[in-house]
Amino acid sequence: MIKYTCLFLFVCTTQALFGQVSHYEGKITDASGKPLKDAAVIRVSDKVLLSFDEPINSRGRTVVHSDAKGVFGINLNDRDKIQVWKYPVQLPTTYLLYEFRSDPFDKSGGYLVELVAAKEQHTDVNLFPIDSSITTGSPRPVVFRNNGGSYYSLEEKKNRVYIHQNPTPGYGLLDINLTLGGLISKADDRVKLQTDYVQGHAVGGKLVASNDVPYSWGPSATQTGLPTVYNNKNIYRNGYQTSTTLDMTYKQDGLGKFYGEIEYTKKQGVFYPNKTNSWGAQLNYSPQLRAGHRLQVLNKFNQSDEKMPMIGNNYANVLMGAYLSPINFDAKSQPNVIISDVYANPWFLLQNNRDNQFNQKYLGTLKYDWDHSRFFLGAQLNYQYQQNALDYGLVGNIARGNQDIFVNRKLKTRLFDTNVQGKYYLAKGKKLYLQGNFWYKNQWMSLDRSVAGVAPVSLLHQSSEFQAGLVAKEFDGDNGNWAFDLLPSILVSNKSKNKTAFNFVGQLERRFNFDLFDWGNMITNVWGQFNLSHLEPNQINNDIQFSLMRYSIKDFQSFLPVDELLLRDPVDKLQRKINYEFGASLKRQLLTLEGNFYQFYVKNGYVPLWQGNQYRLNNAVDYQQKGFTIAISSHFGAFNSPLRWSPRLDFHRYVNKVDKINVESDRIQIAGMQEISKNYVVGQPIGVIMGTAYERTADGQLKVDKDGYPIVAPEQKILGNPNPDFALIFGNALQYRGIRFDFDLEWSKGGKVWNGTRQMLNYMGRSMEASTERLLKDQLFTGIDPQGNRNHKLVDYYDPALGTENNRWVRYGLSGVAEDVIEDASYLRLSSVNLSRSFDLSWRYLKKIDLTLYAENLMYWSKYKGNYPGASLLGQRNAVGLDYFNSPLMKTFGFNVVLNF
C-alpha cells in the first residue's frame with residue numbers, strides 16, 4: 001500500500017492483527033482518468049447524505065478528502081459504508097454509496113461494492129484500490145446482494161462502473177490476471193584507471209617493466225613500445241530479468257473465494273557466473289460463512305537457486321583483480337595466466353566460481369474471527385518452514401594449483417506462532433472498546449557446516465506476550481474527532497536471563513476542520529505517540545559478512561572463514577527502545593503540508609563481540625536518535641486542461657549519538673576491517689569512521705619526518721561521520737488523460753565515506769591520481785619537522801633513484817593512510833522514471849491492459865572519486881560509508897504488462 005501522509009502511517013501502526021479495522025487506500029478519477037482532488041469520502045450509517053449541508057462529522061460519520069493525486073485513505077470495519085461525493089461546489093447532489101468488504105488476501109486489504117439496486121446503471125466517477133505494483137487499476141468484478149435479495153455484479157468498462165442483475169443465485173465470477181515483466185541492467189562503473197604506465201618498478205634509478213611485481217610503477221607505454229593497451233575492466237555484461245505471474249480469483253455466492261498465484265523469475269547478473277531461477281506459488285481460500293464469521297486459509301511456497309550470490313568477498317575480489325590488472329596484460333584472453341601473487345586474474349575467478357545459494361520457504365496460515373455487535377474474537381495460527389543451503393569459498397591461486405577452500409552451510413528453521421485477540425465494545429458504532437491480545441512463538445533452528453571441529457548446532461526458543469488496554473477510534477468532538485490507543489503488555493522470553501519485560505503503546509490523534517484568515521476550509525490532524533518496546537535477539541545472524549572486522553586489509557583476497565553469531569545462551573537483558581513522536585498535517589485545497597518530530601532511545605543494544613574464540617551477542621551500547629520530516633505536496637493544472645502536475649517534496653534530517661558503552665572498551669566496531677571501521681564511540685554519532693591518520697601537534701599541524709613526509713599516528717583517530725546532513729526527495733507526477741509520467745530526484749547531502757578502492761589503486765600505481773601526481777616534483781608538506789621547526793624539505797612524489805617503496809603512496813604500505821581518502825558522500829540521483837498507460841478494451845475475454853515502462857538509477861551526480869557513495873562494503877547493512885571495491889550502481893530499464901481477463 002502507498003503511504004501518503006504521516007497520519008496514514010501513524011494510523012496503520014495501530015491496526016490489530018485480526019484487523020476488523022483496515023486502512024483502505026483508494027483513488028478517485030473522473031471518466032477521462034484524471035484524478036479528482038478534494039472529493040469527499042464519508043463513512044456513513046445506513047442512511048446516506050442527501051445534501052452536503054448535512055453535518056458530516058456527527059456520530060457514526062467520518063470524512064476524508066482525496067489529495068491532488070485523487071488518493072484517499074480511511075479506516076474501515078468490515079461492512080462499513082462510505083459515500084463518495086465530487087467536489088461539492090461543482091456537483092452538490094452527485095453521490096455514490098459503497099460497502100467495504102474486508103479481505104486479507106486482497107492487496108488493498110479489502111474491496112468495495114456499490115449499493116445500487118438497479119438492473120443496470122453507470123456513473124462518471126471511478127473509484128479503485130491503490131496497488132503498489134500498478135499505478136492505476138480497477139476493481140475486479142464482484143457479486144453482491146442488496147437488501148431485497150437480488151444478485152448483482154459490478155464491473156468497470158470504458159472508464160464507467162456498471163451494475164448487472166444476475167437472475168440466478170450462486171452466480172460465480174472468475175477473474176484472471178497475467179503479468180509479464182522484464183528488465184535490463186547495466187553497471188555504472190565510474191572508477192577511472194590510468195592507461196599510461198605498464199607493470200614494473202624502479203631499479204637502480206630507472207623505471208623497468210617487470211611481470212614478476214604487483215606494481216604498475218614501470219615506464220610509460222610509449223617508452224616500451226606497447227602496441228595495445230588492454231582494458232581489464234571489461235568484466236561486465238548486460239544483466240536481465242524476466243518474470244511471469246498468473247493469478248486467478250474465483251468467487252461464488254455460497255461457496256466463498258479462491259485465490260491462486262504462480263510466479264516464475266529468471267535473472268542473469270552483470271557478472272558472468274551470476275544466474276538466478278526462482279518460482280513461487282500461492283493458494284488461498286475463504287469460505288462463505290454465516291454473518292459475522294470468517295475463515296481464511298493461506299498457503300505460500302517459494303524456491304530460488306542462485307549461482308555466485310554476493311557472499312563473502314567474491315564480488316570485491318573480482319573487481320580488485322580487474323582494476324589492478326596492468327595495461328600490458330589481457331586478462332580475458334588469458335584467464336589461466338597469473339598476473340602477480342598480490343591480486344588474482346579476474347577472469348580466472350569468474351570462470352572458476354562455485355558459490356551457490358539455494359532457498360526454500362513455506363508459509364501456512366489459518367485464521368478465524370467472529371465479529372458480534374458487542375464483541376470480537378479472533379485466532380490465527382502460522383507455520384513457517386525455511387531451509388537455506390549455501391556453498392561459498394575461495395578458488396585456489398593459479399600458481400598453487402588445486403588448493404580450493406569451500407564450505408557448505410545448511411540452515412533450517414521451523415517457526416510456529418499463534419495469536420488470539422478479543423475486543424469488547426463499550427460504545428455504539430464500535431468506536432470505543434477494550435482490547436486484549438495474546439501471542440505465542442516457538443522457533444527451532446539447526447545449523448550444519450562442513451568445517452573441521454565445528455559441530456552441528458540446534459537451538460530452540462520460545463516467547464509469549466499478553467496485551468490488554470483501551471482503544472478509541474474517531475470519537476466525535478465539537479469540530480472533529482479524537483482517536484487514541486492505550487495498550488500495555490507483558491513479554492515473556494527465554495532469550496533473556498531477565499525473562500519478563502513490560503511494553504506499552506500509547507497514541508493520540510486529534511482531527512478538526514477550521515477556517516483560518518478566510519482562506520477557506522482547512523483539514524488538520526495533530527497526533528502524538530509513545531512506545532516502549534523490547535526486541536528479542538535472533539537465534540542465528542544470517543548477515544555472515546560482519547566477521548570481516550577481525551581481519552586486515554592485506555587479508556582481503558584470502559579466504560576469510562565466516563564466523564557465525566549464535567544465540568547459544570540467553571542475553572542478560574532484552575534490548576529496550578523508548579520512542580516519542582509528534583506530528584501534524586494541514587490540508588487546504590491544492591496544498592498539503594505534513595511534518596513530524598521523533599526521538600528514540602535504545603538501552604542495552606545488541607552488539608556482537610569476539611569473546612572466547614567466537615562471536616557472542618552482548619548488551620553493549622546505549623544510543624539515541626532524533627529527527628524530523630517535512631512533506632509538501634500540491635497539484636497544478638490549467639483550467640479545463642487534461643494536463644496535471646502533482647509535485648511532492650519530502651525532507652528528512654536526523655542526528656544520533658552514542659550515550660554509553662557497557663563493556664570495558666573505548667569503542668566497539670560495527671563494520672569494517674582492522675585498519676578502518678565504523679564504530680560506537682561515546683558522545684559521537686552512530687557508526688563514526690575511525691582509521692589511520694597523520695600525527696599532529698597540539699595546535700593541529702602535521703608532524704613531518706626527516707624525509708619530508710607526514711608521520712602516521714600510532715593510534716587510530718575519528719575521521720568522519722557517515723550519516724548524511726539531510727535527505728530530500730522531489731517526486732513528480734504528470735498526467736495527461738490516461739497517460740501518467742512519474743520521476744523522482746533524490747538528494748543526499750553530507751556524510752563521509754572511506755574510499756579504500758582509491759587508496760589501493762594509488763598504492764598499486766593504477767589510479768588516474770597516481771598517474772598524474774607521480775610526475776610532481778619539489779612538493780612541500782606544510783608542518784613541523786623532527787626538530788620542531790617549520791618543514792622546508794621538498795619531495796618528489798616518485799623519484800626512481802629512491803626506489804618504488806619510497807614514493808608518495810607505496811611508502812605507507814598496502815593499507816595506506818585512511819585519512820587521505822575520506823571523501824564527501826553527497827550525491828544527486830535520478831532514482832526512478834515511470835511511464836504508464838491503461839487500455840480499457842471491449843474484447844470478449846480481455847478486458848484491460850496496464851502497461852508500465854520504467855528506468856531506475858538513470859543518472860547521478862557526485863564529486864566522489866569512486867563508484868556510488870551510497871553503496872556498502874560487501875553489501876552489509878551497517879557498512880555504508882566504507883568502500884573497498886564495492887559494486888557499482890546498476891542502471892535498470894524495464895517494463896511491466898498486466899493483462900486482465
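Start by selecting the buried residues of helix H5 in this predicted model: they pack against helix H3 (314–324), strand E38 (752–755), helix H6 (768–773), strand E40 (822–824) and strand E43 (882–883). Show those five elements alongside H5 to see the packing partners.

Now colour H5 itself, residues 756–764. Nine of the nine residues are buried, so the helix is largely enclosed by the rest of the structure. That buried set includes Arg758, Gln759 and Asn762, along with Met760, Leu761, Tyr763 and Met764. Gly756 and Thr757 are buried too. Step just past the end of H5 and you land on Gly765, with a positive phi of about 80°.

Next, go to one of H5's packing partners, helix H3, and follow the chain into the loop between H3 and helix H4 (346–351), where you'll find Ala344. Draw a distance from its C-alpha to that of Met320: the two are 24 residues apart along the chain and separated by 8.1 Å. Outside its neighbours within four places in sequence, Ala344 is in contact with Gly321, Ile339, Leu349 and Gln557.

Last stop: strand E29 (residues 614–634), where you should pick Asp622. What is the nearest side chain of opposite charge to Asp622? That's Lys603, 4.5 Å away, and Asp622 has no salt bridge despite being buried. Turn to Asn662 instead, since its side chain makes a polar contact of 3.4 Å with the side chain of Asp622. To fill in the surroundings, display the other residues that Asp622 contacts beyond four places in sequence, among them Val602, Asn604, Gly605, Val658, Asp659 and Lys660.

Note on methods: Residues numbered from 1 in each chain as written. Predicted model: local features only at pLDDT ≥ 70, side-chain atom pairs only at ≥ 80, totals over all residues. Heavy atoms only, no water. Buried < 20%, exposed > 50% of the residue type's maximum accessible area, 1.4 Å probe, protein only. Helix = DSSP H or I, 4+ residues; strand = E, 2+ residues; numbered from the N terminus. Contact = heavy atoms within 4.5 Å. Lys, Arg positive; Asp, Glu negative; His and termini not counted. Salt bridge = Lys/Arg side-chain N within 4 Å of Asp/Glu carboxyl O. Polar contact = N/O pair within 3.5 Å; in protein donor to acceptor, adjacent residues only side chain to side chain.
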